[in-house]
Amino acid sequence: MTQRTFSIIKPDAVQRNLQGAILKMIQKAGLRVVAMKMIHMTKKQAEGFYAVHKGKSFFDSLTDFMCSGPVVVSVLEGPDAISTYRKVMGATNPASADEGTIRRAYALDIEKNSVHGSDAPETAAEEIAYFFNQLEIVG
Ligand code: CMP
């Protein structure tokens, strides 16, 4: 089933100039970029995006990190895009991520884990709408 998911290449990866290397892994997995831009989030935008984690021990540190530098947000499309991208990303904690995954290759730790991807169709729709309007999504 053709599906869309939302992706962030996080500040730790952009800072190390890894956008191209990460996109190569995403595209190799059969996902197509149908929207993309580079942004620098405010603390409020990061808090809004991660609102589901509000109250967790890592919330403040995570939202500080996410607005510490530019990120690349994108919409990816392909067969079972949500699960396909989650497989390509690997486990949240890079110490548990499989060989060949983005996080195994590039993540620094459980917070600075290089990429984000939606976990379900409902969150994908919400996350896409948080950063993109319909005119910015092509293909
Ligand atoms: P992400 O997939 O973007 O979703 C929530 C983020 O919180 C996660 O990746 C990590 O960057 C960050 N995080 C920090 N600590 C933890 C933790 N203990 N468990 C889960 N996520 C964490």
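A backbone N or O atom of Ile-110 lies 3.4 Å from an oxygen atom of the ligand. This is a predicted model. Two side chains also reach ligand oxygens. Lys-10 places a polar side-chain atom 2.8 Å from an oxygen atom of the ligand. His-116 does so with a polar side-chain atom at 2.9 Å. With the ligand taken alone, 450 Å² is exposed, and the protein buries 77% of that area.

Now step back to the full shell. Lys-10, Ile-110 and His-116 are among the residues that surround the ligand. The others are Tyr-50, His-53, Phe-58, Leu-62, Thr-92, Arg-103, Glu-111 and Asn-113. By character, the shell splits into four nonpolar, four polar and three charged residues.

Where does the ligand sit? The space it takes is the largest pocket. That pocket has a volume of about 620 Å³. Its lining counts 25 residues. Nearest the pocket centre lie Tyr-50, Val-52, His-53, Leu-62 and His-116. Of these, Tyr-50, His-53, Leu-62 and His-116 are also named in the shell around the ligand. The lining of the pocket holds 10 nonpolar, eight polar and seven charged residues.

Which helices and strands build this wall? Helix 3 (43-49), helix 5 (81-89), strand 4 (115-117) and helix 7 (121-131) each supply at least two lining residues. Helix 7 gives the most, with four residues. Strand 4 spans 115-117, and His-116 belongs to the group nearest the pocket centre. His-116 is thus a good place to end the tour: its polar side-chain atom lies 2.9 Å from a ligand oxygen.

How values were computed:
Residues numbered from 1 in each chain as written. Predicted model: local features only at pLDDT ≥ 70, side-chain atom pairs only at ≥ 80, totals over all residues. Heavy atoms only, no water. Near = heavy atom within 4 Å. Polar contact = N/O pair within 3.5 Å; in protein donor to acceptor, adjacent residues only side chain to side chain. Areas by Shrake-Rupley, 256 points an atom, 1.4 Å probe, with all protein chains shown as cover. 1 Å grid on protein atoms, 1.4 Å probe; cavity = no way out; pocket = protein on both sides within 12 Å on 5 of 7 lines; lining within 4 Å. Sits in = over half its atoms within 2 Å of the grid points. Nonpolar A, V, L, I, M, F, W, Y, C, P; charged D, E, K, R; others polar. Points joined across faces, edges and corners; volume = space filled by probe spheres on them.
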